Amino acid sequence: MLPIAPEGRLLLLTAAALAAVVHYFFGAAVAAPFWGLTVLVLIMFRIVPRHVQASPLGIVSPVDGHVTAVHRQTDPFLKRDSLVIELEQRLLGEFNIHSPTEGRVMDVWYPGANPEQPGRFAVRVQTDEGDDVVVAIGVGGWTSVVHCSLQTGHRIGQGHRCGFAGFLRPVTIYLPANSQPQVQAADRVRWGRSVLALLRHE
């Protein structure tokens, strides 16, 4: 059975129940749009099973999508020089957010918590080697459904699901400045499979 994100289960059950009732009383032709809506909800909230191969120094993509920019700038959350990789979720992709590395959750910023970044949700994961990786998601509008089960102090594995943050959202990863990028703008990436950058320890 295809796993469904917890955030979409009630909506899926409601859509399916409505479609079944309409189908029973009015027939298949009238119910067709409601069944279509049910399938759409199923697609939007599905969790695609995927094996994630361990990459100790690799930072894997937290979403399915494509790279929109790779550059260097100040990390607005940790006030440090950083390598920045910007992504955009893929249309009809899997819309869950996954951890790009293994480590411990050090901070979770909900929209409004950071005065300088009021419209962003972000998670900071620190690797066992002390590298800080920040994943920030732009939120706003009806397509944002931010939910994250992580709390400060939780350990999380590379590629593990962090939560759900809406549809077609911009996702930005802030890495230590000496990280080595492995992607460039326009590259397509898959969560848990595509290595965005390598952490460096010399």
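**View 1. Helix α1 and the nonpolar patch on the surface.** In this predicted model, helix α1, which covers residues 6–26, supplies the largest share of a nonpolar patch, namely four residues. The patch takes up about 610 Å² of surface, and its members are V21, Y24, F25, F26 and V30. Let's pick out V21, which sits in helix α1. Is V21 buried, partly exposed or exposed? Its relative accessibility is 44%, so V21 counts as partly exposed; to be called exposed, a residue has to be over 50%.

**View 2. A small open sheet of three strands.** Here you can follow the strands in the order β1-β14-β12, paired in the antiparallel sense. Which strands stand at the edges? They are β1 (58–60) and β12 (180–181): each has a single partner strand, so one side of each has no neighbour in the sheet. In general, the strands of a sheet are paired through backbone hydrogen bonds, and the pairing can be parallel or antiparallel.

**View 3. Where β12 meets β14.** Zoom in on β12 and you'll find strand β14, residues 195–198, pairing with it through two bridges, again antiparallel. To get your bearings, look for Q180: across from it, in β14, stands L198.

**View 4. Inside the largest nonpolar core.** This core holds 28 residues, and I85, L87, V171, I173 and L175 have the most contacts inside it. Which elements give two or more residues to this core? The list runs β3 (80–89), β6 (120–126), β7 (132–138), β10 (161–165), β11 (170–176) and β14. There is also a second core, separate from this one, with ten residues; I4, L12, F95 and F164 are among them.

**View 5. The company I173 keeps.** Set aside the neighbours within four places in sequence, and I173 still has plenty to show you: it is in contact with I59, P62, L83, V84, I85, L87, V133, V134, V135 and L196. I173 is also one of the residues with the most contacts inside the largest nonpolar core.

**View 6. Stepping back to the whole protein.** Count up the elements and you get two helices and 14 strands. The C-alpha trace spans about 70 × 35 × 30 Å along its principal axes. How many of the 202 residues count as buried? The share is 48%. As for the accessible surface, it comes to about 10100 Å², with 60% of that belonging to carbon and sulfur atoms. Finally, take the contacts between residues at least 6 apart in sequence: 69% of them join residues at least 24 apart.

Note on methods
Residues are numbered from 1 along each chain as its sequence is written. This is a predicted model: local features need pLDDT of at least 70, side-chain atom pairs count only at pLDDT 80 or more; totals for chains, interfaces and linings use all residues. Side-chain values use heavy atoms; hydrogens and water are left out. Two strands pair if DSSP finds at least two bridges between them. Patches are made of residues with over 30% relative accessible area and no salt bridge: like charges are joined within 9 Å, nonpolar side chains (Val, Leu, Ile, Met, Phe, Trp, Tyr) within 5 Å. Accessible areas come from the Shrake-Rupley method with a 1.4 Å probe; for residues, only the protein chains shown count as cover. A salt bridge is a side-chain nitrogen of Lys or Arg within 4 Å of a carboxyl oxygen of Asp or Glu. Buried means under 20% relative accessible area, exposed over 50%, partly exposed in between (1.4 Å probe, protein chains only). Contact means heavy atoms within 4.5 Å. A nonpolar core is a set of buried Ala, Val, Leu, Ile, Met, Phe, Trp, Tyr and Cys residues joined through side-chain atoms within 4.5 Å.
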